[in-house]
Amino acid sequence: MSAGYAVGVIGATGAVGREFLQVMEERRFPVRELRLWASPRSRGKQIEFNGKPYTVEALEDAVYEGLDFVLISASGDISRAEAPRVAQSGALAIDDSSAFRYDDDVPLVVPEVNAEDIAWHKGIVAIPNCSTTPIVQVLAPLHAVNPLRRIIADTYQSVSGAGGRAMGELAEQTAAQARGETPAVDPDVFPHVIASNLIPSIDSPRDDGYSKEEWKVWAESRKIMHIPDLAVSATCVRVPVFRAHSAAVHAEFSEPFDADEARTMLEDVPGVQVVDDLAGEQYPMPSDASGNDTTWVGRIRQDMSHPNGLVFWVVSDNLRKGAATNSIQIAEAAIANRWLKQAQPA
């Protein structure tokens, strides 16, 4: 491990791509070689990593041979085209898009919950949607002692989940409102003004009245926690916050779950921080989570509407634990457990 690993990044100039590099620096991930790719318009840009400048190349010129890992943060179409090429080259593709999350042959991983699933990868590992990750981080250890039956999750998702342009949109609209002007709307970012507003629609609509984002919470929670019959319903809302997603979660278990017992259990869960003092106005907020890798949980209480119900509020930085950090942790787990080599057919 001391010799380091050869790493490629697809989407290196994007919000998550830059977080990949920052997180690798912070965690001292052993990189001996780094290749960066983005769209043709970014060809030739310089990005610094560990004090050394690296030149961004166009993705169309990408060569994956000789790499150990390729971190991907791009559109589903790009991932579908490039991740199989990465796997064929012998490297492990760790993909941040939704392209492979629901493929039975691709592990969908939150390392604190199901790291062992990495072992059966065939060259591609997917990470879940950034709204799903903190929910399963909190629920999985509780499910281990009292099986889950149902989840109702309402998510409050920051604009950074829609990319850098969305962050710019919020900043520009907020400034326009402060000047007393009517904010302009870019329909390619959001269909409505996001500043001082809430938009209860994320991703494309489905015929059943849910959005695709809400369906993701259903499908991904089931797959990650290995509960194929888990009942899940979600409402996903875009909120005027720059970074960090929040969720109000109502969970139904097989038996009654004492809130104090759940709180004590969660205090010992790696990566989770309990902040829970309603009387003292202490609870997780996006400002607590922004820029760090902690999943913050509070407002833990028994559900007054169901004897087996538990309610909590959870917050996590969607660019870090929801994307970049989760990806780097997968790479670290693959190294530590010698899971880099693809699983062979039985």
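A residue is buried under 20% relative accessible area and exposed over 50%, and partly exposed in between. The model shown in these views is predicted.

**View 1. Arg206 and Asp208 form a salt bridge.** A nitrogen of R206 and an oxygen of D208 lie 2.9 Å apart, joining the two side chains in a salt bridge. D208 has a relative accessible area of 45%, so it falls in the partly exposed class. R206 is partly exposed as well, at 33%. Side chains of opposite charge can pair when their charged atoms come close.

**View 2. A salt bridge links R43 and D61 across two loops.** The N to O distance between the side chains of R43 and D61 is 3.1 Å. R43 sits in the loop between β2 (31-38) and β3 (46-49), while D61 sits in the loop between β4 (52-58) and β5 (69-72). The pair therefore ties together parts that are 18 residues apart in sequence. R43 is partly exposed, with 44% relative accessibility. D61, at 41%, is also partly exposed.

**View 3. R263 and D260 pair within helix α7.** The closest N and O atoms of this salt bridge are 2.6 Å apart. Both R263 and D260 belong to α7 (residues 259-266). Three residues separate them, about one turn of the helix. An α-helix has 3.6 residues a turn, so residues three or four places apart point the same way. R263 is buried, its relative accessible area being 17%.

**View 4. Six charged residues share a salt-bridge network.** The network links E19, E26, R243, D293, D317 and R320. The model holds 22 salt bridges in total.

**View 5. Strand β5 pairs with β1 and with β6.** Strand β1 (residues 5-10) runs parallel to β5, joined to it by four bridges. V9 stands opposite L71 of β5. Strand β6 (residues 92-95) also pairs with β5 in the parallel sense, over four bridges. Here F69 faces L92 of β6 as its opposite residue. From β5 the chain passes through helix α2 (residues 76-89) to reach β6, a right-handed β-α-β crossover.

**View 6. Both faces of β5 are covered.** In a regular strand the side chains alternate between the two faces of the sheet. F69 and L71 are buried on one side of β5. V70 and I72 are buried on the other.

**View 7. Strand β12 pairs with β11 and with β13.** Three bridges connect β11 (residues 272-274) and β12 (residues 295-302), and these strands run parallel. V297 of β12 is opposite V274. β12 is antiparallel to β13 (residues 309-316), with five bridges between them. G298 has W313 of β13 as its bridge partner. Six residues form the hairpin connection from β12 to β13.

**View 8. The largest nonpolar core numbers 56 residues.** Its members that touch the most others are Y64, V70, L139, M225 and V249. Helix α4 (residues 132-143) gives the largest share of this core, six residues. Another core of 35 residues lies apart from it, with V23, Y54, F69 and A331 among its members. In soluble globular proteins, nonpolar side chains tend to be buried together.

**View 9. L139 has contacts with residues distant in sequence.** Beyond its neighbours within four places in sequence, L139 is in contact with L148, I151, M225, V249, A251, F253 and F312.

**View 10. Helix α4 is largely enclosed by the rest of the structure**. Of its 12 residues, 10 are buried, which means that the rest of the structure largely encloses it. The buried residues run from T132 through T133, P134, I135, V136, Q137, V138, L139 and A140, with L142 in addition. At 1.5 Å a residue, α4 should span 16 Å. The C-alpha atoms at its ends are 16 Å apart, in agreement.

**View 11. Q177 of helix α5 makes contacts beyond its neighbours in sequence**. Q177 lies in α5 (residues 164-178). With 31% relative accessibility, Q177 is partly exposed. Leaving aside residues within four places in sequence, its contacts are P183, V193, A195 and S196. One of these, A195, is 18 residues from Q177 in sequence. Their C-alpha atoms are 8.1 Å apart in space.

Note on methods
Residues numbered from 1 in each chain as written. Predicted model: local features only at pLDDT ≥ 70, side-chain atom pairs only at ≥ 80, totals over all residues. Heavy atoms only, no water. Pairing = 2+ DSSP bridges. Core = buried A, V, L, I, M, F, W, Y, C linked by side-chain atoms within 4.5 Å. Buried < 20%, exposed > 50% of the residue type's maximum accessible area, 1.4 Å probe, protein only. Contact = heavy atoms within 4.5 Å. Salt bridge = Lys/Arg side-chain N within 4 Å of Asp/Glu carboxyl O. Expected span 1.5 Å × (residues − 1). Right-handed = clockwise from strand over helix to strand, strands pointing away.
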